[in-house]
Amino acid sequence: MFKSWLRNTTIATVLALTPLPSFAQDTPQQGGDIIVTYKDDIATLDPAIGYDWVNWSMIKSLYSRLMDYEPGTANLIPSLAETFGVSDDGLTYTFKLRKGVKFTNGREVVASDVKYSIERAVNPKTQGPGAGFFGSIKGYEDVTGGKTTTLEGIAAPDDSTVIFHLSRPDATFLHVLAINFASVVPHEAVEAAGGDFGKKPVGSGTFVLKDWTIGQHLVFERNPEYFVKDMPHIDKFTVEVGQEPLVALLRLQKGEVDIAGDGIPPAKFLEIKNSADGPKMIVDGQQLQTGYITLNTKVKPLDNLKVRQALNMAINKDRITRILNGRATAANQPLPPLMPGYDKSFTGYAYDVEKAKALLAEAGFPTGFETVLYSTNTDPQPRIAQAIQQDLAAVGVKAEVRALAQANVIAAGGTEGEAPMIWSGGMAWIADFPDPSNFYGPILGCSGAVPGGWNWSWYCNQDIDKRAVAADSMSDPAKVAERSATWGKIFTDIMADAPWIPLINERRVVAKSLRMGGADNIYIDPTRVINYDAIYVKQ
Amino acid sequence: MRCATFSIRRSAGVADMALLILRRLVQTALILLGVAAITFLLLYALPADPARMIAGRSATAQTVANIRRELGLDQPLLVQFWAYLQGIVQGDLGRSYAQKTDVGSLIAARIPATLVLMAAGILVEVLLGLTFGIIAALRRGGAVDRVVMMASFVGVSAPQFVVALLLLYVFAVTLGWFPMSGFGTPAHVVLPAATLGILGAGWYARMVRSAMIDVLNQDYVRTARAKGLSSARIILRHALPNAMLPIIAMIGIDIGQFMGGVVVVEAVYGWPGIGQLAWQAIQQVDIPIIMGVTLVSALAIVLGNLVADIIAPLIDPRIRAR
């Protein structure tokens, strides 16, 4: 039954025997206290609730999950699980837990903790945003519908075995068990915190939260009991919040700060880049992100395919990357280049003003038309929206730019017939996990084209939807490559319908002090932004 | 909001004062109720759905609906407001949507820093304002007067962000005299307070100048001068106390304003005040925090004015609070 069991066991053994993946150029040092800054407060460290890019990486480090990723990559590895197996029909996943792993309150992690933690994430009372990820587990609807609080599809027959029964094959299920919402928490600590678990976290991860002074700082200390030897490398990191990015950068230059989490403000970027030590301080990395303009297929004249194709040819994407000081590359398909399934050979719609005009004329709009482009109102998004506006004007399309607060743009996008075009900057899709399916359902699938949804093109192609379901049923780990290719084709085929103008893949920039070591992909880890487990201080 | 009201009579009785405080407290309760109602209605009328902000991008429609129900957002607005009022009466400001924590404790955690910055900022404002206001009044019409008035005009119109960054750059980055950001030691408060003081001192200087000019023309000042008193004594002992009344009222207003948070100054200096909390909450449509901060600052404005009204008769016995 468990044909993949043996192979996965072997992989796990190999990984366990390899002390560190091959990313490190020089040997990581043990020890060191560092200071990290962020502008905003840390919202919560409750893994069932936290869902922003700042607390995401901290939650990763405070807790452990059955599955995780090799640092700096999108490669899944067993973490709390020692081995796992998948049944031939893809409906049963069996995990054997590592023995002797302890929560930082001293108690051993057992199988029922895994069950409890996922049930807690799904329970409506928790108000967690991640419940939907577990939708393929049997009994999911009964819990979200309030009928019961236990998931029928999770069994813990003994302390070291967890079995998941799915109601449909779900090829992303191992990724689902690696996202923060699947973090394992001790029920007694959750209950003792009385609703404040997000401020009093207890897990079994690489770090322990030692102090949290609200509005000022959080202190994370190395968990000496962590189950992977020589992880993490630093002894302590202090997160100072409320730090203006510009000031954080000045402090970093003076050596008071080690990582400026918010990166480098656009106005300062070139100055830093051209300074003597600048290049060593800037970490500039790709992330699983695509910035796009939605073309509302339910609003005239964007319901016309030729019009949407014409607009795809009208935008000068290279100019937009220049607005971002080159911190982005032009995109031509929904998937970002780092994502499995990305089609390198696909060319999409090339920038061609004359062809765009001709297509518009063919569609019956020789003199263009008037429309509205929504954008969020924080720099540099309105400037990008203006660049788009100018490009559209060059083909005769007069677009009014509406720059609003993020919440208002989201509301407009989810209202049928409301927003003809939306520039997604500032809220662009960043993958929850490194799997191509994550770029489909909510933002391009029929299920997202509903009031309050995130499919702001209101694009719904039943045929593509069927192909997506088929691709997600390919849960045999041996077919991973085939499945990625299937997904890649789905996305390039979507571009024939042109519901989006894929614009840019924005890179993230983090500034670090000269004493910090570790490869760039540890600071901009595709699954967790800053990987606090893998960074180290050069002595 | 009423500013200080004064009437000039001979006596200031304790009973009158008690009556004043009682009446103003009743007014305060009514004002807060009004503020709560208006803010609540405005926030919930916004075209933004808090449940969707919490649920994030990957949430299914059902997750959003569940969150909405758990927060009580599916109830009629009046029912929600009534529940909120019941909470307030019991001292419960609700729980933050994003942080899932008691709003009261989030605000309380930021009160100390807010109070410190408020006190230090007002101190600098008043010191600078009095000094330059008096100098300008004494040199009325002269070059010094004109320079001071011009400078105060520039001060009140300068953008906070620019002044804050300028001071930070000169005194923290270049000279290294003060820490760049944070909270905890007296050195940390100097630059934020100086920023607020420089920006606000202009108002005080202008007011002190005109009040002093009025007073300096009074008969009793001329008498004092004729008696041969030193001009320092005339100004500090005789003229200034009589020019202080509008200053007291203005401090009352500033207390309220600064308690509501000084977003830009707090942001530049990483000061953990109430303004940062409010600003983040606004971006996240975290309505319970926005409501809480609004109520706390409304309360501070009302109380600030009340304190000014109480202090006024102590400084000038001719005044009886009404």
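**Figure 1. A pair of facing residues in a sheet of chain A.** Start with T94(A): this residue stands opposite I163(A) in β7(A). Keep in mind, here and in every view below, that you are looking at a predicted model. Zoom out a little and you meet the two strands, β5 (residues 92–97) and β7 (residues 161–165) of chain A, which run antiparallel and are joined by five bridges. What is the order of the strands in the open sheet of four? Reading across, the order is β4-β5-β7-β6 (chain A), and the pairing is antiparallel. At the edges sit β4 (81–86) and β6 (154–158) of chain A, each with a partner on one side only. Going from one strand to the next, the twist averages 20°.

**Figure 2. A helix laid across the sheet, and the loop that follows.** Helix α3 (residues 111–122) of chain A lies across β5, β6 and β7 of chain A. Compared with β6(A), helix α3 of chain A runs at about 165°. Now look for Q127(A), in the loop between α3 and α4 (140–144) of chain A. Q127(A) has a positive phi of about 55°, even though this residue is not a glycine.

**Figure 3. Two cis peptide bonds in chain A.** Which residues does the cis peptide bond with an omega of about -10° join? They are M231(A) and P232(A). You can find P232(A) in the loop between β9 (217–222) and β10 (236–240) of chain A. Another cis peptide bond links K300(A) to P301(A), with omega at about -5°. Here P301(A) belongs to the loop between β13 (289–295) and α10 (305–314) of chain A.

**Figure 4. Where two domains of chain A touch.** Chain A is split into domain 1, made of 4–27 + 41–192 + 518–526, and domain 2, made of 289–506. Their C-alpha centres lie 32 Å apart. How many residues does the contact take from domain 1 and from domain 2 of chain A? Domain 1 of chain A gives 13 residues, and domain 2 of chain A gives 13 residues. On the domain 1 side, you'd count eight nonpolar, four polar and one charged.

**Figure 5. Chain A meets chain B.** In this view, 38 residues of chain A are in contact with 39 residues of chain B. On the chain A side, the elements giving two or more residues are α7 (245–254) and α14 (406–413) of chain A. Which element gives the largest share of the side of chain A that touches chain B? That's α14(A), with four residues. Sort the chain A side by class and you get 17 nonpolar, 12 polar and nine charged residues.

**Figure 6. Helices α7 and α8 of chain B cross.** Over in chain B, helix α7 (residues 160–174) and helix α8 (residues 186–216) pack at an angle of about 135°, and their axes are 10 Å apart. α7(B) and α8(B) are therefore oblique to each other. Their crossing is right-handed. From α7(B), the contact uses Q160(B), V163(B), A164(B), L167(B), L168(B), F171(B) and A172(B), and α8(B) answers with L191(B), A194(B), T195(B), I198(B) and L199(B). By class, that makes 10 nonpolar, two polar and no charged residues.

**Figure 7. Helices α9 and α10 of chain B side by side.** Next up are helix α9 (residues 219–226) and helix α10 (residues 231–243) of chain B, which pack at about 150° with their axes 11 Å apart. Why do α9(B) and α10(B) count as roughly antiparallel? Angles over 145 degrees are classed as roughly antiparallel, so that label fits this pair. The crossing of α9(B) and α10(B) is right-handed. Y220(B), V221(B), A224(B) and R225(B) of α9(B) make the contact with I234(B), H238(B) and A239(B) of α10(B). The classes here are five nonpolar, one polar and one charged.

**Figure 8. Helices α13 and α14 of chain B.** The last view shows helix α13 (residues 274–283) and helix α14 (residues 287–315) of chain B, packed at an angle of about 145° with axes 8 Å apart. Is the crossing of α13(B) and α14(B) left-handed or right-handed? α13(B) passes α14(B) in a left-handed crossing. On the α13(B) side you'll find I274(B), L277(B), A278(B), A281(B) and I282(B), meeting I289(B), I290(B) and V293(B) of α14(B). The class count for this contact is eight nonpolar, no polar and no charged residues.

Note on methods: Residues numbered from 1 in each chain as written. Chains lettered and ligands numbered in written order. Predicted model: local features only at pLDDT ≥ 70, side-chain atom pairs only at ≥ 80, totals over all residues. Axes fitted to C-alpha atoms, helices over the stretch in contact; angles between N-to-C directions. Parallel < 35°, antiparallel > 145°, perpendicular 65-115°, else oblique. Left-handed = near helix turned anticlockwise from the far one by under 90°. Contact = placed C-beta atoms within 7 Å. Nonpolar A, V, L, I, M, F, W, Y, C, P; charged D, E, K, R; others polar. Domains from an automatic or database assignment. Pairing = 2+ DSSP bridges.
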